[in-house]
Amino acid sequence: MKTILFNLTDTELVEFITKLRQPKFRAKQIREWLNRGAPDFKSMKNLPEKLRLDLDCIAQTLPVRIIKRLDSSDGQTTKFLLELNDCEQIECVLMRTSYGNSVCVSSQAGCAMGCKFCASTLLGLKRNLTVNEIYSQILVAQWELRNDKFSDKPIHPNGDANNNDVSHIVIMGTGEPLQNIENVIGFIERANSDMGIGWRKITVSTCGIVPGIKELTKWGRPINLAISLHAPTNELRSEIMPINNKYKLEDVLDAATEFSNLHNRQLMIEYILLGRKNKDDETELLNSTPEHAEKLSTLLKGKNCMVNLIPWNAVDERDFAAPSGNAVHRFQDILIKNGIHTRIRRERGQDIGSACGQLRLNNTKGTK
Ligand code: SF4
């Protein structure tokens with residue numbers, strides 16, 4: 001198995017290089033390339049060619065390896081399929097937005113939570129990712145931004161997004177971050193200290209692991225918290241999100257409110273609008289009737305929150321359907337009438353399967 005140089009300490013890297021009969025300063029050069037996210041040794045232009053070839057035979061740069069890259073047709077979203085050292089695969093998504101370059105990272109290979117609308121849980125949980133494996137996903141995105149084929153085009157002429165740095169992180173890819181909280185916290189601390197990404201530009205999204213939310217509160221960093229709610233009653237939520245059998249809606253919201261109040265942050269509420277086709281091929285609303293909107297308003301009344309409404313994105317193996325545009329707007333209007341901040345989230349990268357709930361492995365597996 002090849003040695004992953006990013007995982008070595010500085011001392012270990014010097015030892016590794018010395019064994020190759022190379023001067024110590026080469027270790028420093030290599031470290032600089034690794035910290036910039038160099039995906040291979042041929043990118044390390046200031047190393048002698050012979051050393052680059054030798055390293056290629058015995059070592060790997062990062063603990064993740066890009067095996068496929070997909071760009072959305074508008075060039076604003078890029079999905080990376082990454083392979084870990086044990087051949088597990090994960091995905092991360094780079095979104096070039098009007099407010100900056102945002103990266104959605106995975107925290108686990110697979111997911112055990114079993115949410116009925118989500119593609120990421122289809123293969124179950126494989127394992128937790130290490131701090132380095134999570135951090136490497138933003139390095140991959142950073143490297144791509146700096147070598148970006150789109151960067152010479154002003155995608156957002158009115159914004160400041162046309163720069164080459166990752167500015168925002170959302171931990172909303174494959175996996176439940178609070179099931180891997182120790183490494184997720186380690187990753188966030190590192191993204192803040194090593195990459196200078198502000199706490200307020202980092203968002204952790206959870207399906208509602210109450211002890212994990214409490215641990216985040218105890219940790220005390222003023223990051224953003226997003227709760228995947230998706231239903232306004234325990235009965236319906238338990239149907240589509242099995243975790244609700246363990247942690248009830250009210251307990252999740254209480255813990256999340258405590259977190260957001262502590263940091264005076266607006267709580268993000270994610271709400272996928274789901275329908276289902278009946279035998280007449282008509283879409284019946286599952287969690288998105290006017291009655292559901294009223295119940296959701298009651299649940300959230302008085303809370304400092306923003307509801308992101310996400311019309312369902314197609315996943316082949318799931319038999320949900322998207323509500324009509326009218327139904328989506330009617331749902332939003334009711335929330336607004338009841339004084340709840342809300343917006344309809346514009347999905348990015350649907351044509352490459354990277355929009356919310358679409359992250360999965362099998363649509364890209366074997367296409368290396
Ligand atoms: S929505 Fe999140 S927590 Fe639920 S199954 Fe998908 S990845 Fe896991």
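Visitor: Is Ile334 buried, exposed or partly exposed, and how many other C-beta atoms lie within 10 Å?

Guide: The model here is a predicted one. A residue counts as buried when 20 or more other C-beta atoms lie within 10 Å of its own, and as exposed when there are 12 or fewer. Ile334 has 19 such neighbours, so Ile334 is partly exposed.

Visitor: Where does Ile334 lie, and which residues does Ile334 touch?

Guide: Ile334 belongs to helix H10, which covers residues 325-337. Leaving aside residues up to four places away in sequence, Ile334 touches Pro290, Ala293, Glu294 and Ser297. Ser297 illustrates how folding joins separate parts of a chain: Ile334 and Ser297 are 37 residues apart in sequence, with their C-alpha atoms 8.0 Å apart in space.

Visitor: What can be said of the chain as a whole?

Guide: The chain contains ten helices and 17 strands. Of its 368 residues, 42% count as buried. Among contacts with a separation of 6 or more, 65% are between residues 24 or more positions apart.

Visitor: How are the strands to be read, and what is the order of the open sheet of ten strands?

Guide: In general, the strands of a sheet pair through backbone hydrogen bonds, either parallel or antiparallel. In this structure, the open sheet of ten strands runs in the order S3-S4-S5-S6-S9-S10-S11-S12-S15-S17, and its pairing is mixed. Strand S3 (64-71) and strand S17 (341-344) are at the edges with a single partner strand each, so each has one side without a neighbour in the sheet. On average, neighbouring strands of this sheet are turned by 20 degrees against each other, direction ignored.

Visitor: In which sense do S6 and S9 pair?

Guide: Strand S6, residues 100-104, pairs with S9 in the parallel sense over three bridges. Cys104 has Val170 of S9 as its bridge partner.

Visitor: What is the order of the open sheet of three strands?

Guide: Its order is S14-S13-S16, and the pairing is antiparallel. Strand S14 (283-285) and strand S16 (320-321) are the edge strands; each has a single partner strand, so one side of each lacks a neighbour in the sheet. Strand S13, residues 275-277, is joined to S16 by two bridges in the antiparallel sense. The bridge partner of Arg276 in S16 is Phe320.

Visitor: How does the span of helix H5 agree with its number of residues?

Guide: The check uses a rise of 1.5 Å a residue. Helix H5 (residues 181-195) has 15 residues and should therefore span 21 Å; its end C-alpha atoms are 20 Å apart, which agrees.

Visitor: Which residues of H5 are buried, and where do they fall around the axis?

Guide: Ile181, Val184, Phe187, Ile188 and Ala191 are the buried residues of H5. Seen down the axis, they fall within an arc of 120 degrees, so they line one face of the helix. They pack against helix H4 (131-146), strand S9 (168-171), strand S10 (202-206) and helix H6 (210-219). The face turned away from this buried side carries the exposed residues Glu182, Ser193 and Asp194. After H5 comes Gly196, with a positive phi near 70 degrees.

Visitor: At what angle do the axes of H6 and H8 cross?

Guide: The axes of H6 and helix H8 (residues 249-263) cross at roughly 10 degrees and come within 9 Å. Angles under 35 degrees count as roughly parallel, which makes H6 roughly parallel to H8. Residues of H6 including Val210, Ile213 and Leu216 meet residues of H8, among them Val252, Ala255 and Phe259.

Conventions. Residues numbered from 1 in each chain as written. Predicted model: local features only at pLDDT ≥ 70, side-chain atom pairs only at ≥ 80, totals over all residues. Helix = DSSP H or I, 4+ residues; strand = E, 2+ residues; numbered from the N terminus. Expected span 1.5 Å × (residues − 1). Arc of directions from axis to C-beta. Contact = placed C-beta atoms within 7 Å. Pairing = 2+ DSSP bridges. Axes fitted to C-alpha atoms, helices over the stretch in contact; angles between N-to-C directions. Parallel < 35°, antiparallel > 145°, perpendicular 65-115°, else oblique.
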